[in-house]
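I opened a notebook page for this chain and went through it one topic at a time. The entries below follow the order in which I looked things up.

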Amino acid sequence: MQQNTVLKGPALRPSPRSQALVGATGLFLRPLAERVPTNRPGVAFTRSLVAASMLAGDSPRGVDVEKVRCGAVRGEWVRPQNARAAEVEAGQVILYLHGSGYAICSPRTHRGLVARLARYTGLAAFCVEYRLAPKYRYPAAADDVDAAYAWLLRQGYAAKDIVIAGDSAGGHLALDLIAENARTGREQPRSVVLFSPLLDLTLELAARQEKVRRDPLISAAAAKRLVGLYTAQQPADLPRLQLRLDQSQTLPPFLIQVGGVEMLRADAEEMARMVQNAGGTAHLQIWPGQLHVFQAFSRLIPEARTALRDAADFITASPRSI
């Protein structure tokens, strides 16, 4: 049982570029997020806005992209140009679960982030295109992630060679997959890497964190409205929404990275405690001055590249050294 919590970043001070990004985000994006309604036109507008922001933050370079449509499984392979040999040698693969508040993003918006992670590890990554709210509600996204994991196993990948990675709502989906594996007796993946994971779908943890420091991207109330499009008409204590881990479960090691100024810092800390209390290993990195999923802005801030290299080192480490 181990939880390592460390502060990360050059001299523990955010770079001037990251300070500028946080300032601009708080000045322009948060006020906009507060005003956009969570109806279908509002969601469509938010999808366009977030896509533009994500694509500006990083772009896919030196990778091949292959779309997959195989029964219930949809998504895309992102393979770095050096991945073919690496895959044969290592037999490993990344299953990436993008964030979105269950309603906004897609493999396309996250292609730059996934591509950089794939290049740093030398491994192919499959990014799941799970169904989004408000058209598709719980448990559509969770079922799609479960189907993708089962599909990789059928493709011949051993569970011990599959790394689960994800961000934001993808963090909740990742933990749901781990819990479902334990419930059904399916073998767990090699490890789990999460960026700014969402744990509490009621956003109560985030609301309490916002009393300590205002999130520059979005308020807990606005995020709750967005997540509510997915969880509508479901009881908050439903087991696959209010996730729990117990000590009878064998867990893979976790690396959790979170920005120091974001409200989901509380979720990341609670998730690390949950894994630890269940007998697992959780490495928690808190990056001072960084915002939500700052790893997506590798073209803009140096901390993003450093964090992704840390994540890549964790992914490629041998099981004994994790």
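**Salt bridges and other contacts**

I started with Glu180, which forms a salt bridge with Arg183, the closest N and O atoms being 2.7 Å apart. I note here that the model is a predicted one. Glu180 and Arg183 are three residues apart in helix α6 (residues 169-184), so about one helical turn separates them. I then looked up the accessibility of each partner. Glu180 is buried, at a relative accessible area of 10%, whereas Arg183 counts as exposed at 59%.

Next I took Glu270 and Arg273, whose side chains meet in a salt bridge with an N to O distance of 3.0 Å. Both residues sit in helix α9 (residues 265-277), three residues apart, or about one turn of the helix. Glu270 is partly exposed, with 25% relative accessible area, and Arg273 is also partly exposed, at 37%. I also looked for salt bridges that share partners: Asp143, Asp176, Glu180, Arg183 and Arg240 are joined by them into one network.

How many salt bridges does the structure hold? I noted 14. One of the pairs is Glu129 with Arg69, with 3.1 Å between the closest N and O atoms. Glu129 lies in the loop between β5 (125-128) and α5 (140-154), and Arg69 in strand β2 (residues 63-70), so this pair ties together parts that are 60 residues apart in sequence. I recorded Glu129 as partly exposed, with a relative accessible area of 31%. Arg69 counts as partly exposed at 43% relative accessibility.

**Cysteines**

How many disulfides does the structure hold? I recorded zero. To see why, I checked the sulfur of Cys105: the closest cysteine sulfur is in Cys127, 9.9 Å away, which is too far for a bond. The cut-off that matters here is 2.5 Å between the sulfur atoms. The entry for Cys127 names Cys105 as the residue with the closest cysteine sulfur, at 9.9 Å, again too far for a bond. I looked up burial as well. Cys105 counts as buried at 7% relative accessibility, and Cys127 is buried with a relative accessible area of 1%.

**Helices α5 and α6**

I returned to α6 for its packing against α5. The axes of α5 and α6 come within 10 Å and cross at roughly 60°. I noted the crossing of α5 and α6 as right-handed. On the α5 side I listed Ala141, Ala142, Val145, Asp146 and Tyr149, which meet Leu173, Asp176, Leu177, Glu180 and Asn181 in α6. Sorted by class, the contact of α5 with α6 has six nonpolar, one polar and three charged residues. Glu180 is thus listed in this contact and also in the salt-bridge network. Asp176 is likewise named in the contact and in the network.

**Single residues**

I stayed in helix α6 for Ala179. Is Ala179 buried or exposed? Ala179 is buried, with a relative accessible area of 14%. Leaving out residues up to four places away in sequence, Ala179 touches Arg244 and Leu245. I checked the backbone separation for one of these: the C-alpha atoms of Ala179 and Leu245 are 6.7 Å apart, while the two residues are 66 residues apart along the chain.

I then went to Ser15, in the loop between β1 (2-7) and α1 (16-35). Ser15 is buried, at 13% relative accessible area. Which residues does Ser15 touch, not counting residues up to four places away in sequence? I listed Pro302 and Glu303.

My last lookup was Gln295, found in the loop between β9 (281-287) and α10 (302-316). Gln295 counts as buried, at 0% relative accessibility. Not counting residues up to four places away in sequence, Gln295 touches Leu113, Phe195, Gln257, Ala304, Ala307 and Leu308. I also noted the spacing of Gln295 and Thr306, which are eleven residues apart in sequence and 8.7 Å apart in space, C-alpha to C-alpha.

Technical notes
Residues are numbered from 1 along each chain as its sequence is written. This is a predicted model: local features need pLDDT of at least 70, side-chain atom pairs count only at pLDDT 80 or more; totals for chains, interfaces and linings use all residues. Side-chain values use heavy atoms; hydrogens and water are left out. A salt bridge is a side-chain nitrogen of Lys or Arg within 4 Å of a carboxyl oxygen of Asp or Glu. Helices (H or I, at least four residues) and strands (E, at least two) are DSSP runs, numbered from the N terminus. Buried means under 20% relative accessible area, exposed over 50%, partly exposed in between (1.4 Å probe, protein chains only). Axes are lines fitted to C-alpha atoms, for helices over the stretch in contact, and angles run from 0 to 180 degrees between N-to-C directions. A crossing is left-handed if the near helix is turned anticlockwise from the far one by less than a right angle, and right-handed if clockwise. Contact means heavy atoms within 4.5 Å. Ala, Val, Leu, Ile, Met, Phe, Trp, Tyr, Cys and Pro count as nonpolar, Asp, Glu, Lys and Arg as charged, and the others, Gly among them, as polar.
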